[in-house]
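Q: Please take a close look at one part of this structure, a single sheet and the helices that pack on it.

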Amino acid sequence: MKKILSIVLVMIIGLSLLAGCSKKEVKENTDNKEVASEKDNKKDEKKPLKIGVIYLTAEHPYYQAHAMHTQNYTAEKGIKLIELDGKVDQANMANQMENLVSQKVDGIIYCLLEGTAGSADINMAQEAGIPVITFAIKHDPKTADATFVGIDEKSAGALGGVEAANKFMDQFPDKKAKIAVIEMTGVSASTDRSDGFIEGFQSVITDAEVVVRLNGEGKKDKAMAVVEDAIQANPDINVFFGANGDQGLGALAALEAQGRGTIDTEIVISHDGSEPELLKIADPESALKIANANLPKDLAEATVDTILEIINGEREMKNTDDIFVPSAVITGDDIEAAQKFLKEQYNSDTQL
Amino acid sequence: MNSRLNSRYLQRFMIIGILLVLCVVFAVMSEEFFTYINIRNILRQQSMVAITAAGATFVMITTGLDISVGSTIALSGVVFAKLVQGGMPLLPACLIAILVGGIVGLINASMIVGAKINPVIATLGSMYAVRGIAYLVAGGTTIANGLPKNFNVLGRGYIGPVPIPVVIMILVYIVFHFVLSRTLLGKYTYAIGGNKETARLSGISVAKVMVLLYVITGLLTGLSGTIMASRLTSGNPQIGTGFEFDVIIAVFLGGVSTTGGEGTIVGTFIGAMIVGVLSNGLNLLGVDPFYQYIIKGIVLVLAVMLDMALKGNGLSLKSLNKRILAKS
Amino acid sequence: MSNYILEMNDISKSFPGVKALQNVSLKVKYGEVHCLMGENGAGKSTLINILAGLLEKDTGEIFIDQKPVSINNPHDAYRNGISFIFQELSVVDTLTVEENMTLGFESSYGSIVNKKENIKRVKNILQKLNIDILYNSYVGDLTVCEKQMMLIAKALSQDSKIIVMDEPTASLTNKETDELFKMIESLKEEGVTFIYVSHRFEDIFTIGDRITVFRDGKNAKDLIVKDTSEEEIIRYMVGRNIEDTFPKRNHEIGETILEVEKICAKELIKDVSFQLKRGQVLGVSGLAGAGKTELARALFGDNPIISGHITLKGQKINLNKPQDAIKSKIALLPEERRTQGIVGKMTVRENISLVVSNRLSKLCVINRKKDRQLAKKYIKDINVKTPTPEQIIRFLSGGNQQKAIIGKWLATEADIFLLDEPTRGIDIGAKSEIYEIINGLTKSGKAVLLFSSELPELLGVCDDIMVMNNGRLAGVLSNEEATQEEIMKLSVGGSDHE
């Protein structure tokens, strides 16, 4: 009787694992392509490279696009990819780093959450002989030496800030600019963007006032909630900067819920350039008019290229370069360019 | 017909069996599972949950509950980091952080034992409050600057080939196994869990024992918190969400009954390892994280059902057997 | 296969290691009160549970109205016209009378309850049976007797032809018992059949028609009430003659050990004074609610004493919590064995050493050897029937559990034993063993306060009997003076409730 139940238990676990193997489809394609390319090129019989990637989160559209490009790029190169979702939890990421090291991968691409915590993981991996590069959010250079691939958050923010200020002067030449910032408080990449944005904006409109900096925790629902409260307290805020796509959209949603959110009353700027943002930008009524766009395709390929450089010996493991990939600013003025961006970076044909 | 020894061994055998089955399945399906490094990782990654679960076992045997441990682990980590950042040497800072955990336990006890508030509600309240205090102490961000290089020895260091957190976990389990099975405190814990009224009328000071149990849980959680902070080289007020459920799952998997009066420390250890092996194995196999949640839920419920069937409550194995045979 | 409303033939049921029923049969005539008797473990409950659909029989057949039926769950039993009123009354205290009575059988439109219809039904049947309770009272506020009457009414409202009752009068006063019996008699005349499971001979001889006696899982004998006697029934139940249920008492009563002067306690007790001597068994009698248990708890430190003194062995003592009483070598055997006396999930050994654990340990570590020795000693001394000291105590019979609890207190070397309803729900064989134990206690110079509602027991065991009424002492009777009538008079006299 107990045997029956044990067998049932094992069967269920087995079935679940098989179900989970839907994830493995991607890797099977990779394996097939690998076999094909090896046969074609008759290269050396080495085992394919294994690279581990830890994303900050799997929920955000930016990271989903980034993951897609990483998968495609590594598949082309015949590299086996192990992807892990950091779930925005540093403790979880620490565990995952340990697991990757024990799996003896050839390289790790790491988007960590906290600079110092991540450093300890980086050091551990490097001591085990595995190269690590960080991307998007930088490790703490004082405690670990590694190459960083990302965007220069401040400059990117500033670009957006300048565009936004110009637009503001166009739309509301008589009004005083009052800014609300929605960011991930405590995460340097996020706050750097905001700082850059404010700098850029104030360089054009010197008397622009920063009314409040809110913690949207990087999420749309949280951003919406804090902006709703903010505009209750300060109804005359007219510039909203969301330090990532979801936070920008969240701010917009809060405004729309109040009957605002149109180009007549304010400007919303977001950072990421994902599809939902672009749709809003293309809408002539919407207040969301500017998005600083990270280029997930460029960034993804840059991370893979960089880690390969280290693996192939062209770059030192502890090289401390910062490799910046340019970002773009997408505005509502050039829909064609926006469409092109959407296709290239997010692989989407949605009509704007 | 059933002596307690029999059913206890049988039940322990069952969960060891589940653990072994999982290990075998994963070892077969993934070549990296059964390596020294990986097993070491599992033990280390589960050590914080396991250490807290040792204390929680006592509390849950008496049908109490503490869901504030996730927040407490953050608070003690933050306190630890902040003190060290301010110049205090590691050891005293660590001890104070552990004490902070004990104070949270004391506050919980005063609500539950003193004000007779339902444990779930009381510790739900402290879960929120303590989290807020953690944020306040940390000043809203992570405490990471100015920490000495050896701050992460506790969480990442080794004694010989064994990671320090694992050493601590093993020591904790040896001590508390002894306490639960051989001392007065252990016996009183079982008595209160089995029948609080009888325990009281037999002269056991139920209140004093319960306070002690919650304080012990708090202290152990404080210890887990310092290990966690050390591991992350920072005091982070945000960590630990969901931690309380990992602890509770480990304790229930280990054989503690919802009706009280049953459960062992060894069982909790095995329960914590089942959770660890499951997470680790599924990760190694690259199973989608969403599927992982589903599988964990199924395994928990199945394991508890098996446990209940063994003890003779709930599903009757005989009738299930009959039904299966009838269909075939 | 003639005129039986219920026939259970050749019923067998085994559990792992135990043959609970072997080829047992039960034949109940229409409109009779059929009594089921036997020691605990004889199989009565098992048979009733099978009839109720709570257990599956291994072999045998059941016929109702001469038609074969299969009962696999409680609903089947109801559909066949059988209702059950168990000792643990299945009522929901937080619902009203009407809601309880229609529970599971509500008149409704789909899932919307037709409250008016339900209330009408309930009112009708309560009226018909002359039961004086309001349909919208909360069941939690009713007395035990009222709850039972309500359950009988519920059974009838579901057109039950057979009502099975298990120890219904255990928590009833004499007056309430009379009311219950009156109702049973009148229902009998309307053709309702009763199956009455009980240990109480007074009940059987008042209201029973025929008796089926079980012993060790088999039929022992079928008897007709008016043709038999208590001795005969006992003989079949036990297989031997129990001449002296109550052992002879012929020892000395020594000096005063406890003096209680005018104590008032938080709960109920007012102005109680008495003296207790070594070697004495002092009985405490009284109706339900008179204050027996409250007095017992007060003497154990569980019912705070507001005024008055207690002097133990010449010294004034304060009893504020159980630990104080234990230190003063006072022991309490609580009224509810299952919920206050034992820790069901622990072993016999652990239960016996529960109070004295700290004496068996050094630095809080329990000395296993001493623990085992202690348990073995008392198991032997009091004859607790258990296969091993490591047996989980809740699997022992009620009588043996009780003995284990006595053992627990003997281990504390207490001088004063407060026994609150020690033989309630225990079969006749175990009862006499407990009386022997009480005898042994007094022989060795200990003092016993026996709180009991069983008058024959008080008269057979006690040296003197105190009678309580409404929290006060109504009077004290010596063994020679005491009779059931005298005790009853004092229990009832001079109070407001009848």
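A: The account below describes the sheet, then two of its strands, then the helices against it.

This is a predicted model, in which local features need pLDDT of at least 70, side-chain atom pairs count only at pLDDT 80 or more, and totals for chains, interfaces and linings use all residues. Residues are numbered from 1 along each chain as its sequence is written, while chains are lettered from A and ligands numbered from 1 in the order in which they are written.

Chain C holds an open sheet of 6 strands, in the order E6-E9-E10-E3-E11-E12 and with mixed pairing. Strands (E, at least two residues) and helices (H or I, at least four) are DSSP runs, numbered from the N terminus; two strands pair if DSSP finds at least two bridges between them. At the edges stand strand E6 (82-85) and strand E12 (218-224) of chain C, each pairing on one side only. On average, neighbouring strands of this sheet are turned by 20° against each other, direction ignored.

Within the sheet, strand E3 (residues 33-37) and strand E10 (residues 193-197) of chain C are parallel and share 4 bridges. Cys35(C) has Tyr196(C) as its bridge partner in E10(C).

Helix H1 (residues 44-51) of chain C lies across E3, E6, E9, E10 and E11 of chain C, at about 145° to E9(C). Angles run from 0 to 180 degrees between N-to-C directions, with axes fitted to C-alpha atoms, for helices over the stretch in contact. Helix H5 (residues 144-157) of chain C also packs on the sheet: H5 touches E6 and E9 of chain C, and its direction makes about 170° with that of E6(C). Two residues are in contact if their C-beta atoms, placed from the backbone, lie within 7 Å.
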